[in-house]
Amino acid sequence: TPPPTPDDARYPGANDNASGVAAMLEVVRAMKESGYQPYRSFLFVAYAGEGQEGGEWIYPPDVERFLEAKKGFAENFEIEAVVDLRAVGAGDGDRVLISAGGSMRLADLLEQSANQMGVKAERGGERVDISIVFEEKSRYSRGQEAPKVGIHWEGWEETSLQPQDTVQSLSQEKLEKAGRVLTLALMTLGRELQY
């Protein structure tokens, strides 16, 4: 069921964000079939209702809470990065947009992956939250909140939470391009200690 909106209307949500879940599942399949062996662990998470819990919107979702879902899990992992896939199957633009709130390394990795895959890419205008550098979060790497990067298709907002966000609006070509960029970036992240 698509997520509820504040006015209780329901919209199909094919691009925002069934396309992100589809891309994630395809990356998992591709990694498994290729025999890829990462040096880092991956945790793939899909959630419904934009993290809605008890009637309250939680976006972006609290990564630490995912790790605490299984007893002892959080203590055994250090988060290197959080990659947010949203609306990667449609948009009126001709490129993927990369947004990174403070992690130039991750943004560079995605941009380089796009270049290698022959996909146009552009950095989004996400603001940097400098306060995360000074927060103490023991479960995150180097004492700060896990660096985050997002990938979506240019112009995706036009149909977000609209009746026209249907399966028919998705582009196989855009899904494939975003998927190739994402797969290369994650495979690099999983194997290269200095990416």
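How much accessible surface does the protein have, and what share of it belongs to carbon and sulfur atoms? Show the surface of this predicted model and you are looking at about 11,500 Å², with 50% of that area belonging to carbon and sulfur atoms. Of the 195 residues beneath your cursor, 38% count as buried.

**Get your bearings**

Switch to a cartoon view. You should find 4 helices and 4 strands, and following the chain from the N terminus gives the order α-α-β-β-α-β-β-α. If you draw contacts between residues with a separation of 6 or more, 78% of them link residues 24 or more positions apart.

**Stop one: helix H1**

Select Asp-16 and Asn-17 and look at the bond between them. A cis peptide bond joins this pair, with omega at about 20 degrees. Asn-17 has its place in helix H1, so keep that helix coloured for later, as the tour returns to H1 at the core.

**Stop two: the loop after H1**

Now select Phe-42 and Phe-44. The structure holds 1 aromatic pair, and here it is: the two rings are stacked, 5.8 Å centre to centre, with 25 degrees between their planes. Are these rings buried, partly exposed or exposed? Phe-42 counts as partly exposed because its relative accessibility is 27%, and Phe-44 is also placed in that class, at 32%.

Add Leu-43, Val-45 and Tyr-47 to the view. Together they form a nonpolar patch on the surface, with about 240 Å² of accessible area. Tyr-47 belongs to the loop between helix H1 (14-34) and helix H2 (63-67); with a relative accessible area of 33%, Tyr-47 is partly exposed.

**Stop three: the core**

Hide the surface and select Val-96, Leu-110 and Ile-151. These are the residues with the most contacts inside the largest nonpolar core, which has 27 residues. To see where that core comes from, colour H1, strand S2 (96-100), helix H3 (104-116), strand S4 (148-153) and helix H4 (172-191): each of these elements gives two or more residues to it. H4 provides the largest share, 6 residues.

Centre on Ile-151 and expand the selection to its contacts. Beyond its neighbours within four places in sequence, Ile-151 touches Asp-84, Leu-85, Arg-86, Val-88, Val-96, Leu-97, Leu-110, Ala-178 and Val-181. Another core lies apart from the main one; it has 6 residues, including Ala-74, Ile-79, Val-82 and Ala-146.

**Stop four: two loops, side by side in your selection**

Select Ala-87, in the loop between strand S1 (82-85) and S2. What is unusual to check in its backbone is phi: Ala-87 is not a glycine, yet its phi is positive, about 55 degrees. Ala-87 is buried, because its relative accessible area is 0%.

Next pick Ser-160, in the loop between S4 and H4. How far apart are Ser-160 and Ala-87 in sequence and in space? They are separated by 73 residues in sequence and by 8.3 Å from C-alpha to C-alpha. Ser-160 is buried, with a relative accessible area of 15%.

Finish one step along, at Leu-161, which also sits in the loop between S4 and H4. Leu-161 has a positive phi, near 60 degrees, in a residue other than glycine. Its relative accessible area is 36%, so Leu-161 counts as partly exposed.

Technical notes:
Residues numbered from 1 in each chain as written. Predicted model: local features only at pLDDT ≥ 70, side-chain atom pairs only at ≥ 80, totals over all residues. Heavy atoms only, no water. Patch = residues over 30% accessible without salt bridge, like charges linked within 9 Å, V, L, I, M, F, W, Y side chains within 5 Å. Areas by Shrake-Rupley, 256 points an atom, 1.4 Å probe, with all protein chains shown as cover. Salt bridge = Lys/Arg side-chain N within 4 Å of Asp/Glu carboxyl O. Buried < 20%, exposed > 50% of the residue type's maximum accessible area, 1.4 Å probe, protein only. Core = buried A, V, L, I, M, F, W, Y, C linked by side-chain atoms within 4.5 Å. Contact = heavy atoms within 4.5 Å. Phe/Tyr/Trp six-rings, centres within 6.5 Å; stacked < 30°, edge-to-face > 60°.
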